[in-house]
Amino acid sequence: MSHGAEPPRRERPARDPGLQPERTRLAWRRTALALTVIMVLTVRLALTGPPAGGPLGALVAGAAVLGWGAALAVCWRRATGVRPSPGYGRSLPLVALATAGFALLGTLLAARGLG
């Protein structure tokens, strides 16, 4: 038993994303640029810091380049607006892992240079 007429249903307006997609792409481009600068500085510190070079420095530089390449692949797809494949969201933690790895590497390399 109803106690009156149902309220009129409103039609949902079409979603207007405005500038949000463009801001998102620009944010991913800034992330890629920041990761590139950090990678270059990490490689430079690993190869020229005290003691200069050596197998450990080459290993750190190689790990930095590999982490940068993997994170850049994620950032680039997001920055260019390429439609991601199914399961693509699982690669976002890779960017977080690469960022944390660069922070740890930078801290270790700076501590090694100061010591």
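Helices, as the term is used here, are DSSP runs of at least four residues, numbered from the N terminus. In this predicted model, the second such run, helix α2, covers residues 54-80, and just after α2 the residue Gly81 adopts a positive phi of about 75°.

The chain as a whole contains 3 helices and 0 strands, and its elements follow one another from the N terminus in the order α-α-α. Of the 115 residues in the chain, 20% are buried, while the area that the chain exposes comes to about 8600 Å², with carbon and sulfur atoms supplying 67% of that area. Where contacts in the chain link residues at least 6 apart in sequence, 64% of these contacts join residues that are at least 24 apart.

Helix α2 consists of 27 residues, and the distance from its first C-alpha to its last is 38 Å, which is close to the 39 Å expected at 1.5 Å a residue. Several of the residues in α2 are buried, including Gly57, Val60, Ala61 and Ala64, as well as Ala71, Val74, Cys75 and Ala79.

Helix α1, which spans residues 20-48, includes Val37, and both Leu41 and Thr42 are also found in this helix. An α-helix has 3.6 residues a turn, so residues three or four places apart point the same way. On the surface, Leu33, Val37 and Leu41 form a nonpolar patch, for which the accessible area taken together is about 290 Å². Val37 has a relative accessible area of 43% and is therefore partly exposed, and Leu41 likewise counts as partly exposed because its relative accessibility is 48%. Between helices α1 and α2, the C-alpha atoms of Leu41 and Ala61 are separated by 9.9 Å, although these two residues lie 20 residues apart along the chain.

Thr42, the residue that follows Leu41 in the numbering, is by contrast buried, because its relative accessibility of 5% falls under the 20% limit applied to buried residues. With residues up to four places away in sequence left out of the count, Thr42 touches Ala64, Phe102, Leu105 and Leu109; of these partners, Ala64 is itself one of the buried residues of α2. Within its own surroundings in α1, a polar atom of the Thr42 side chain lies 2.8 Å from the backbone oxygen of Ile38.

Key. Residues numbered from 1 in each chain as written. Predicted model: local features only at pLDDT ≥ 70, side-chain atom pairs only at ≥ 80, totals over all residues. Heavy atoms only, no water. Helix = DSSP H or I, 4+ residues; strand = E, 2+ residues; numbered from the N terminus. Expected span 1.5 Å × (residues − 1). Buried < 20%, exposed > 50% of the residue type's maximum accessible area, 1.4 Å probe, protein only. Patch = residues over 30% accessible without salt bridge, like charges linked within 9 Å, V, L, I, M, F, W, Y side chains within 5 Å. Areas by Shrake-Rupley, 256 points an atom, 1.4 Å probe, with all protein chains shown as cover. Salt bridge = Lys/Arg side-chain N within 4 Å of Asp/Glu carboxyl O. Contact = heavy atoms within 4.5 Å. Polar contact = N/O pair within 3.5 Å; in protein donor to acceptor, adjacent residues only side chain to side chain.
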